[in-house]
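Visitor: Could you take me through one part of this model at close range? I would like to hear how its residues sit and what they touch.

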Amino acid sequence: MTTRLNPITTPRFEARAEKARRNKEAALAAFIGKKAEIDAMLARLQALSDDHFNCAPDEAGWAMVGTLEHYASLLKRITDSAFGEGEHAR
């Protein structure tokens with residue numbers, strides 16, 4: 001529940017503190033939402049990997065290798081950024 005502050009009767013510093021609190025709550029909610037979105041994508045990728053990327057062993061060929069190489073390069077960009085490696089090394 002949020003309470004609306006009357007700017008005429010509320011000292012300025014209290015209004016700023018309330019705005020900062022609401023901003024922090026909104027940032028936390030957005031963070032949790034994005035984390036859930038990433039977790040869902042990771043779960044889907046793990047399930048696809050567990051199923052060998054929908055490729056039966058007798059169907060594996062260079063086209064599938066190229067597809068997996070593309071996926072791996074995209075994931076490497078993400079992990080390099082997340083862990084400060086590769087071009088993102090600190």
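Guide: Here is a walk along one helix, from its length to its surroundings. This is a predicted model, where local features need pLDDT of at least 70, side-chain atom pairs count only at pLDDT 80 or more, and totals for chains, interfaces and linings use all residues. Residues are numbered from 1 along each chain as its sequence is written, and side-chain values use heavy atoms, with hydrogens and water left out.

Our helix is α2, residues 62-83; helices are DSSP runs of H or I with at least four residues, numbered from the N terminus. Its 22 residues reach 30 Å from the first C-alpha to the last, close to the expected 32 Å, a span taken as 1.5 Å times one less than the number of residues.

Leu-75 belongs to α2 and counts as partly exposed because its relative accessibility is 40%. In this scheme, buried means under 20% relative accessible area, exposed over 50%, and partly exposed in between, using a 1.4 Å probe and protein chains only. Leu-75 also joins Ile-38, Met-41, Leu-42, Leu-45 and Ile-78 in a nonpolar surface patch. Helix α1 (12-50) and α2 each give that patch at least two residues, with the largest share, 4 residues, coming from α1.

Further along α2 sits Asp-80, which is buried at 9% relative accessible area. Setting aside neighbours within four places in sequence, Asp-80 contacts Glu-85, Gly-86 and His-88, where contact means heavy atoms within 4.5 Å. Just after α2, Gly-84 adopts a positive phi of about 65°.

Terms used:
Patches are made of residues with over 30% relative accessible area and no salt bridge: like charges are joined within 9 Å, nonpolar side chains (Val, Leu, Ile, Met, Phe, Trp, Tyr) within 5 Å. Accessible areas come from the Shrake-Rupley method with a 1.4 Å probe; for residues, only the protein chains shown count as cover. A salt bridge is a side-chain nitrogen of Lys or Arg within 4 Å of a carboxyl oxygen of Asp or Glu.
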